[in-house]
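Q: Please take one helix of this chain and look at it closely. Then show me how the rest of the chain fits around that picture.

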Amino acid sequence: MTNEAGSEEVSFKDANDKERSFLILPEGKKALSIKHLTEEYRTRPERRIGTAKFSDLDSFCLHVNRFKGANSVIFASDNLENPSLTCVLDYHEQGKNEFEGTHFCQHRSLYQFPLSEEWKAWAKADSAGYLDHATFAEFLEDRIDDVLEPLGPEQADEPESTKALRKRIAILGGSMGTPQRIMELSRGLKVNQNASTTSAKNLSSGEVQVAFKTENLDENGAPIIVPTMFLVAVPVFQNGPLYQMPVKLRYRVRGPSITWALIRSDPRKIFENAFKEALATTASNTDLPTMIGTPE
């Protein structure tokens, strides 16, 4: 068909056997879409588009259940610093034919796991490497509420997680500090923060004995005894359950000064346990498949 302006309309059928058409225009003329003009007459959107963002896992699940379909899928990003869940509510249907059951994937639910302040504090101290005397002592004092008593005698009915933790501590070896011991360490180091180190040696117990060139060595006037590790309990995610984690103590003596390092034992494994528990909760609440990764 040719109209008065000299353009020609050509029709054809696409791969889905639907009628399509386009215009062949004379030289010097161009075709313009009029879709934006017709959109204002719509009484409802063409389709659902947008990403709802949630700060609570239960709210994420409620939104998913409200809009999920037969092909909805949850993608889980296990990035240690920025974990998240994304539900693509209008995901593609299964099948090899890319023209059948293909959807826009533009309606989504997003939950970005908020890492707990406790988890971030210990991660920051770990990544900082060796800390100076004063910074190390102040950190221990600030985080003393996270420190646990060492594990007691083994129980026959203790959970598998405790058995795994006990095995991990045995592999690491050395001596385990108590909350009181860690607090005494913090106070002793603060007293001596400007003093020179005269010696730092390993004891047969696995502990480290640190002596300073000062008259006040600790509250009793003796060299400070430092355990090789201690146990903390922190949530990985905000408002989540507590996970027990050994923290190793390391030191370096350089001339008259000593620096300290706090090294978390296998934080990736602890993160993965917390992440898997969150995925199990999500799967139970939504009954949707979960894939580790990010959507296209």
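A: Start with a definition. A residue is buried when its relative accessible area is under 20%, and exposed when that area is over 50%. Anything in between is partly exposed. Keep in mind that this is a predicted model.

Now take helix α3, which covers residues 117–127. Which of its residues are buried? They are Trp119, Ala121, Trp122 and Ala125. Look down the axis of α3. Its buried residues fall within an arc of 165°, so they line one face of the helix. Turn to the other side of α3. There, Glu117, Lys124 and Ser127 are exposed.

What covers the buried residues of α3? The cover includes two helices, α4 (133–142) and α7 (267–286). It also includes the strands β12 (229–235), β13 (242–254) and β14 (257–264). Just after α3 comes Gly129, with a positive phi of about 75°.

Step back to the whole chain. It has seven helices and 15 strands. Of its 296 residues, 35% are buried. Take the contacts between residues at least 6 apart in sequence: 59% of them join residues at least 24 apart.

Next, the inside. In soluble globular proteins, nonpolar side chains tend to be buried together. Here the largest nonpolar core has 45 residues. Those with the most contacts inside it are Phe60, Leu85, Phe230, Val236 and Leu262. Helix α7 gives the most to this core, with six residues. You met α7 above, as part of the cover over α3.

Leu85 deserves a stop. Leave out residues up to four places away in sequence, and Leu85 still touches many others. Among them are Leu57, Phe60, Ile74, Phe75 and Tyr111. Leu279 and Thr282 are also touched by Leu85.

Apart from the largest core lies another, of five residues. Phe75, Val88, Tyr91 and Cys105 are among them. Where is Cys105? It sits in the loop between β5 (84–88) and β6 (107–112). Its relative accessibility is 7%, so Cys105 counts as buried.

Cys105 has another feature. Most residues other than glycine have a negative phi. Yet the phi of Cys105 is near 55°, a positive value. Asn239 is not a glycine either, and its phi is also positive, at about 65°. Asn239 lies in the loop between β12 and β13. Is Asn239 buried or exposed? Its relative accessible area is 76%, so Asn239 is exposed.

Loops can also hold contacts. Arg48 is found in the loop between α1 (35–39) and β3 (50–54). Not counting residues up to four places away in sequence, Arg48 touches Phe67, Asp90, Gln106 and His107. Take the pair Arg48 and Phe67. They are 19 residues apart in sequence. In space, they are 9.8 Å apart, C-alpha to C-alpha.

Last, the outside. The chain exposes about 18300 Å², and carbon and sulfur atoms supply 48% of it. One nonpolar surface patch, of about 270 Å², is made by Phe12, Phe22 and Ile24. Phe22 is found in strand β2 (residues 19–24). At 40% relative accessibility, Phe22 counts as partly exposed.

Conventions
Residues numbered from 1 in each chain as written. Predicted model: local features only at pLDDT ≥ 70, side-chain atom pairs only at ≥ 80, totals over all residues. Heavy atoms only, no water. Buried < 20%, exposed > 50% of the residue type's maximum accessible area, 1.4 Å probe, protein only. Helix = DSSP H or I, 4+ residues; strand = E, 2+ residues; numbered from the N terminus. Arc of directions from axis to C-beta. Contact = heavy atoms within 4.5 Å. Patch = residues over 30% accessible without salt bridge, like charges linked within 9 Å, V, L, I, M, F, W, Y side chains within 5 Å. Areas by Shrake-Rupley, 256 points an atom, 1.4 Å probe, with all protein chains shown as cover. Salt bridge = Lys/Arg side-chain N within 4 Å of Asp/Glu carboxyl O. Core = buried A, V, L, I, M, F, W, Y, C linked by side-chain atoms within 4.5 Å.
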